[in-house]
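The following exercises are to be worked through with the structure in view. Each task is followed by a solution in steps.

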Amino acid sequence: MTKSIDWVVTAQDGRARTGTLRTRRSIIETPVFMPVGTQGTVKGVRFEWLEDELDARIILGNTYHLFLRPGPDVIREMGGLHKFSTWDRSLLTDSGGFQVFSLTDLRKLSEEGVEFRSHLDGSKKFLSPEVSMEVQAALGSEIVMVFDECPPGDAGHERTKQSLDLTLRWAKRSKDRFDELQVSAADTGAVSADGLTGKQALFGIIQGAGHLDLRDESLARTVEIGFDGYAIGGLSVGEEKPVMYGVLDHIANKMPVDAPRYLMGVGTPEDLVEAVYRGVDMFDCVMPTRNGRTGGVFTWQGKLNIRNAQFITDDKPLDVDCPCSVCRRYSRSYLRHLYQAGEMLAATLISHHNLAFYLDLMRRTRSEIKAGTLEFFRRDFLERVSNSEK
RNA sequence: GCAUGGGUGGUCGAGCGGUCAAUGGCAGCGGGCUGUAAACCCGCCGGAUUAAUUUCCUACGUAGGUUCAAAUCCUACCCCAUGCA
């Protein structure tokens, strides 16, 4: 009993693989899509739906956002993010590293860490590898991410190299502080789990932007430090699409075969299929929920925009091939009306469908991998989605 | 009936002699969202025409008038609001 998580490959098809990931709180079949729940909620979607119908086994939380509000002290006092939110399945918490990128105008970066000017009230908030680990212990997530610097996708070689070196130093500091916290009582999510330590797991993050040599270096040095799983960061952050697939082609199957591979922040349905095909096991992305809130619908026939006038009297479901509860009951016409009328239910229902679609898509890739037919499925899917019959 | 204030593009509402096809808001139409500062952001929005920030047409209640020039000034009429009878 030395592991905090356990991951085993259950089938392989080319570079793609299925696996079973066991955390102290849930069993997760991979490839898996993890809905994003930045502020302790998957926006617009009740946990009941995530549990009962969608059967999501793991969702995200965000260190930066929960650090600012309500703050780690409140969450600790309320028993950790699981108890606080009532989400009792697995949580993966991002370290705040992405906010180093997305809030670039609001932060100052140094060797020590990052000083943010809070986007909420302008006050100064300091995040470092150590603080991030402490906050994530207070949150009590199953999977903790190292605090990294995520450079823009089109960053030059030298800039990327510097960033990568900093991220590696931060990775080491993250791990050191993480290890200390695991032997103290800091982790609010501790629970006994059969065959597992019941403690948190820590994932390292490979950076290097579009530079393959730097990706190699980042991978080698990150693995050398040693983590429970490895993530690919710094993609889908402004670079051209071929760059992302190129990096995945190059790096994904060089990553440790016996640990889950997590592509951070990606992506579109096409991206997921392409990345699974290249050997990635885990994903998260705001797209299904954010686009859902703004009228974007993902379907097995491609994307559609519920705002479009063509749906005014369309009595078909959002996706004719989707068995989700939204598609079983509501028409495009009605959902368009809700959206146009500014009714919040539109956001909820479309987000729900989109998540159902994403999770179904992952289920589908798993079954195709097990059947050894992923390549065929991939080609068929990409063609269908791009043709967009609707 | 008298008095006063109004009638502007789908709508509400600015403009009050030229730079006005006419500011804004809303509605409408379209696009974008990739480890969430996003229930958000960006375009278009009288008609036709062009390679074009091109040219033309129709428009500021109706009809006349003044002026080189009118949504803007004058006259009459119609309608609306409020007040007084």
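**Exercise 1.** Determine in which loop Pro31 is placed, and which peptide bond precedes it.

*Solution.* Step 1: Pro31 sits in the loop between strand 3 (27-30) and strand 4 (32-35); helices (H or I, at least four residues) and strands (E, at least two) are DSSP runs, numbered from the N terminus. Step 2: the bond joining Thr30 and Pro31 is a cis peptide bond, with omega about 0°. Step 3: a cis peptide bond also joins Arg69 and Pro70, with omega about 5°. Pro70 lies in the loop between helix 2 (63-68) and helix 3 (72-77).

Two conventions apply to what follows. The model is predicted, so local features need pLDDT of at least 70 and side-chain atom pairs count only at pLDDT 80 or more, while totals for chains, interfaces and linings use all residues. Residues are numbered from 1 along each chain as its sequence is written, and chains are lettered from A and ligands numbered from 1 in the order in which they are written.

**Exercise 2.** Describe the overall build of chain A: its elements, its dimensions and its contacts.

*Solution.* Step 1: chain A contains 15 helices and 16 strands. Step 2: its C-alpha atoms fill a box of roughly 60 × 45 × 45 Å along the principal axes. Step 3: the radius of gyration (taken over C-alpha atoms; the globule rule is 2.2 Å times the number of residues to the power 0.38) is 20 Å, which agrees with the value near 21 Å for a compact globule of 390 residues. Step 4: 52% of the 390 residues count as buried. A residue is buried if 20 or more other C-beta atoms lie within 10 Å of its own, exposed if 12 or fewer, and partly exposed in between, with C-beta atoms placed from the backbone. Step 5: among contacts (C-beta atoms, placed from the backbone, within 7 Å) between residues at least 6 apart in sequence, 71% join residues at least 24 apart.

**Exercise 3.** Is strand 6 enclosed or open, and which strands pair with it?

*Solution.* Step 1: five of the five residues of strand 6 are buried, so this strand is largely enclosed by the rest of the structure. Step 2: both faces are covered, with Ser90, Leu92 and Asp94 buried on one side and Leu91 and Thr93 buried on the other. Step 3: strand 6 pairs with strand 5 in the parallel sense over five bridges, where two strands pair if DSSP finds at least two bridges between them. Ile58 has Ser90 of strand 6 as its bridge partner. Step 4: strand 6 also pairs in the parallel sense with strand 10 (residues 143-145), over two bridges. There Thr93 stands opposite Val144.

**Exercise 4.** Characterise the largest nonpolar core and the surroundings of Met34.

*Solution.* Step 1: a nonpolar core is a set of buried Ala, Val, Leu, Ile, Met, Phe, Trp, Tyr and Cys residues joined through C-beta atoms within 7 Å. Step 2: the largest has 111 residues, and Met34, Ile59 and Phe203 are among those with the most contacts inside it. Its largest share, twelve residues, comes from helix 14. Step 3: leaving aside neighbours within four places in sequence, Met34 is in contact with Ile58, Ile59, Leu60, Leu92, Met282, Phe283 and Asp284.

**Exercise 5.** Which residues come nearest to RNA strand B, and what is the setting of Ser236?

*Solution.* Step 1: a residue is near a strand if its C-beta atom, placed from the backbone, lies within 6 Å of it. Step 2: of the 49 residues around RNA strand B, Cys150, Ser236, Gly265, Gly267 and Val286 come nearest. Elements giving two or more residues to this surface include strand 5 (58-62), helix 5 (97-102) and helix 14 (344-371). Step 3: Ser236 is in the loop between strand 12 (229-232) and helix 9 (241-251). Phi of Ser236 is near 55°, a positive value in a residue other than glycine. Step 4: Ser236 is partly exposed, with 19 other C-beta atoms within 10 Å.

Technical notes. Contact = placed C-beta atoms within 7 Å.
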